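Work through the two exercises below with the sequence and the model side by side, and try each task before reading its solution.

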Amino acid sequence: MAKGRILSGIQPTGNLHLGNYLGAIRNWVGMQKDYECFFCIVDLHAITADFINPADLTRATREVAAGYIASGIDPAHPALFVQSHVPAHAELAWVLNCVARLGWLNRMTQFKDKAGKNRENASAGLYVYPNLMAADILVYKATHVPVGEDQKQHIELARDIAQKFNHDYGTELFVQPEPVIQGPGTRVMSLRDGAKKMSKSDPSDFSRINMIDSADAIAQKLKKATTDPNALPESVEGLEGRPEAGNLLNIYAALTDRKLPEVVAETAGWGWGQFKTRLTETAVGVLGPINAEMARLMADPAELDRILAKGAEKARGVANPVLAEVYKTVGFLPST
Ligand code: AQP
């Protein structure tokens, strides 16, 4: 029997990167045997920030699907689908917009980071993004949400929304979802600045390793990655105040499926040249086969679309009855 139900997703806002892989996708691959899984490509979220050229959004949506499958998500098992193909997400989000409080949304650090200084010019969609994310999760009554560290606050908000809805309407309809944040890849930082997370929307392509990068591009980016003048530390404590060194060692640990102290012991006293060569070989060894498979899948968009259509059908089969239950609980007059 499944240990629970998982929902997770990635925005098709650009190229998938190592942070998405280590912080999210790789964990999903490990969990898919034990949980009933719903993995989506969250295109409704993707239009909340900067304007995206429609053709780029379409291409990125298929690319994220290809990235999931090439990384080992079995499309025959979980529901792998595009968020906008399941209208219940957006419909539930409206109800949740009316449950979440402005004070709760005002505390969301991702909105503050993404809106930056020009808050007045941010879209209303970016502001209510966490309510849509709560709908994504609650519409499946998901029990577990595997994410990177950056999404923890949004899951906590989804829990608050579920609790308030249940309390206001005197129901047990919504399940409280648990965040699952595991492994050394939960917060992969930019290659240029150890204080910033690796992100699709960073204007510098040298800040991230994309899942579709060639071996040469990976080598070049790691060669240029910011470091400091000291050799690699003898102990984990020696990483204090060295965010870039910590980030590269964490990436190495995550890629080799080891704990940080183990890789620190292996690389103690190494110079950056030696370490970067090792890290490049490792990253190319992991990402090379994935990006070759992504290219193969992207060459057949009709097949990808067929997989996604099937996944959406499965997802609608679960989400629509939950939405109907919500509408009934709220008191909306049935349409038939
Ligand atoms: N740097 C990261 N380290 C670890 N995990 C990460 N994730 C994203 N960046 C890192 C995890 O990937 C999943 C999908 O995230 P998303 O693309 O939907 O949204 P995001 O977190 O906003 O990612 P980006 O790359 O920063 O996208 P943009 O630039 O478009 O906003 C989540 O589980 C996230 O934790």
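**Exercise 1: the ligand shell**

Task: identify which of the 23 residues around the ligand come nearest, and then describe the polar contacts and the cover.

Solution. Taking as near any residue with a heavy atom within 4 Å of the molecule, one finds that Lys114, Asp150, Ser199, Lys200 and Ser201 come nearest among the 23 residues around the ligand. The model is predicted, so that local features need pLDDT of at least 70 and side-chain atom pairs pLDDT 80 or more, whereas totals for chains, interfaces and linings use all residues. Residues are numbered from 1 along each chain as its sequence is written, and side-chain values use heavy atoms, with hydrogens and water left out.

Next, look for polar contacts (pairs of N or O atoms within 3.5 Å). A ligand oxygen lies 2.3 Å from a side-chain N or O atom of lysine 114, and an oxygen atom of the ligand is 3.0 Å from a polar backbone atom of glutamine 11. A ligand nitrogen is 2.9 Å from a polar backbone atom of methionine 198. The protein covers 97% of the 640 Å² of accessible area (Shrake-Rupley, 1.4 Å probe) that the ligand has on its own.

**Exercise 2: secondary structure in the shell**

Task: which element supplies the largest share of the shell around the ligand?

Solution. Using DSSP runs (helices H or I of at least four residues, strands E of at least two), strand S1 (5–10) and helix H1 (18–31) each supply at least two shell residues. The largest share, four residues, comes from H1.

Definitions and conventions
A polar contact is a pair of N or O atoms within 3.5 Å; within protein, one must be able to donate a hydrogen and the other to accept it, and residues adjacent in sequence count only if both atoms are side-chain atoms.
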